[in-house]
Amino acid sequence: MDITFNLSWLDYTIMIVYFAFVLGIGWVLKKYMRSATDFLEAGRSIPAWVAGLAFIATNLGALEVIGMAANGAKYGLMTVHFYFIGAIPGMILLGIFMMPFYYGSKARSVPEYLKLRFDEKTRGFNAISFAVMTIFASGISMYALAMLMEVLLGWNFNFSLMISAIIVLIYVYMGGLSSAIYNEVLQFFLIVIGFAPLVVLGLINIGGWDGLKEALNTTAVANGFEESAYMHSWQNTGSPDSNPMGVGWFGVAMGLGLVLGCGYWCINFLVVQRAMAANSMSAARRTPLIGAIPKMFIPYLVIIPGMIAIALTYMPDSGFQLPVKGDSFDYDKAIPMLLGKYFPTGVLGLGLTALMASFMSGMAGNVTAFNTVWTYDIYQSYINPDKSDKHYLRVGQLTTVVGVIVSIGAAYMARFFNNIMDFLQLVFAFINAPLFATFVLGMFWKRATGHGAFYGLVSGTLAAAIHHGLTSPEGSHMLIKGGWLGTVVHYYPSEMAQNFWTAVYAFTACFMITVLVSVTTKQLKTNEQLTGLVWALTPRIKEDGVPWFRSPEILAVIVGIIAIAFTIYWW
């Protein structure tokens, strides 16, 4: 189905005003960028509520808006697993147990924590792998924004890619992490305001929740599943063949819940950096817990539109159909196509601005994480140490330019996937999954050694590569999706199922090798050196002057109860 999007002067005015605000925030904060700490760490001066919203808005980029809507269209309501088992437990774990180590150690990045806990080579390996991951993630956001401009505005893809890259480059270059954080808060509210009408209009058009359910029952049967397959989260996970995601309950719980979910939220410097920018230990611990509350309501904004899109596609009289990409639908276009169907002039401009805000949030978040890790953990550590603070400030700014340029290349790789979430979770399986095993052992087992951590990380990454090289999603003929070792020993029902099990193998290999090498090598760190880095050797935190209702523990209990209630509701 082809839709022509005719934007009026009002639509363009809304977008221009947004761009002016974005660049204006960078310009205002430019004068405060006097040191590398100001530029790369925001001076550790951000209030908890701002850090909490930025914590979520950083994730609320292309990953969330386009990716989760695509998941909603491709996998149905099982997509809520990415929230209630793939996000909330990890955010609670970060706020209660892991943030004290990050913030208390005064580490400037996750790789630097690894240096303090283990050794230099472990930090170096993680710094390089994380830098690669942020480039891919930033590139995915760039691809999503360029694809949006191509579909909705008719702009050339290459031209759109360059425009989006230049805008993000300018405001991050001027205002550093502070600019990214305050823009992320602005973008969070824009996304909510821009997508709420889309959900309402879509549900009204399809006949409310009952109408959506009836339409998706038809969709499920048409795809060879039972009627309820698209409308429940856990009910159809007894067998991988009984749900569109092609994964059973163990794959969801272990692959997504423990490995990918906790791995992303607990050790991904992209989000941890926002909490580390908070103005106190208490604020840093509350940051992910504050962010968890709006996080649990975001599925209504992003997953339901995807479900509406696939339901309309299977309704012969709807006048709507997702475009085809290869031998399947182009699920990434669910949101753009719905915007064109439901939003009139003026409101369409608001919806487009919300989409652009989400993509720029993701791009900026990854770029700021990349320039911090490159400047502190690679350049200062291995290339040019012992220079002045102004020198590292300049390096951080120049690294921002390089990061944006390299991300453009990653954007073209994302074009091979019909669901960018599949691509992103594959990247996480290679990098976050083994790293989470390293952190779990490092923080809660003082006997874990630097040699164990290093060889565990290498083994976990290799295990992910081997598993991916020997497996493939059904119907895939592209080496980038697996099978690149020449022999496919197992076919998965979907890319996501393959990602979950790739993560399980990576985590398990890293965990086992780290333990094996640690018990056969000498622990070179003393108890004094590990104090503040290992749970058993760190005094429990006493936050004087913090009211009980603002306690991170109380907030974690509230978040947990709400998450359990949602899980039961979506069962």
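This report walks through a predicted protein model, from the whole chain to one pocket and a few residues.

Some ground rules come before the details. The model is predicted, so local features need pLDDT of at least 70 and side-chain atom pairs count only at pLDDT 80 or more, while totals for chains, interfaces and linings use all residues. Residues are numbered from 1 along each chain as its sequence is written, and side-chain values use heavy atoms, with hydrogens and water left out.

**The chain as a whole**

The protein chain comes out at 22 helices and four strands; these are DSSP runs (helices H or I, at least four residues; strands E, at least two), numbered from the N terminus. Of its 571 residues, 63% count as buried, where buried means under 20% relative accessible area, exposed over 50% and partly exposed in between (1.4 Å probe, protein chains only). The accessible surface is about 20,500 Å², and carbon and sulfur atoms own 67% of that. Those areas come from the Shrake-Rupley method with a 1.4 Å probe; for residues, only the protein chains shown count as cover. If you look at contacts (heavy atoms within 4.5 Å) with a separation of 6 or more, 80% are between residues 24 or more positions apart.

**The second largest pocket**

Rolling a probe the size of a water molecule over the atoms shows where empty space is left. Here the search runs on a 1 Å grid over the protein atoms alone: a pocket is an open set of points with protein on both sides within 12 Å along at least five of seven lines, a cavity is a set where a 1.4 Å probe fits but cannot get out, and lining residues have an atom within 4 Å of a point. Grid points are joined across faces, edges and corners, and a volume is the space filled by probe spheres set on the points.

The second largest pocket has a volume of about 200 Å³. Eleven residues line it, with Phe136, Phe423, Leu426, Val427 and Phe430 nearest its centre. Helix H8 (120–153) and helix H18 (420–444) are the elements that give two or more residues to this lining, and H18 has the largest share, five residues. How does the lining of the second largest pocket divide into nonpolar, polar and charged? There are ten nonpolar residues, one polar and no charged; Ala, Val, Leu, Ile, Met, Phe, Trp, Tyr, Cys and Pro count as nonpolar, Asp, Glu, Lys and Arg as charged, and the others, Gly among them, as polar. Domain 1 (9–24 + 42–416) and domain 2 (430–539) each supply at least three lining residues, with bounds from an automatic or database domain assignment.

**A few residues**

Here are some C-alpha to C-alpha pairs.

| Pair | Apart in sequence | Apart in space |
|---|---|---|
| Gln397 and Thr375 | 22 residues | 9.4 Å |
| Leu93 and Cys262 | 169 residues | 7.7 Å |
| Tyr300 and Phe195 | 105 residues | 9.5 Å |
| Cys262 and Met91 | 171 residues | 7.5 Å |

Leu93 sits in helix H6 (residues 88–104), and Cys262 in helix H11 (residues 249–267). Beyond neighbours within four places in sequence, Leu93 is in contact with Met98, Cys262, Cys266 and Phe436. With the same neighbours set aside, the contacts of Cys262 include Gly90, Leu93 and Phe436. Cys262 counts as buried because its relative accessibility is 8%.

Gln397 belongs to helix H17 (residues 389–413) and, at 14% relative accessibility, counts as buried too. Tyr300, in helix H14 (residues 299–313), is partly exposed because its value is 30%. Not counting residues up to four places away, Tyr300 touches Val199, Pro305, Phe566, Tyr569 and Trp570.
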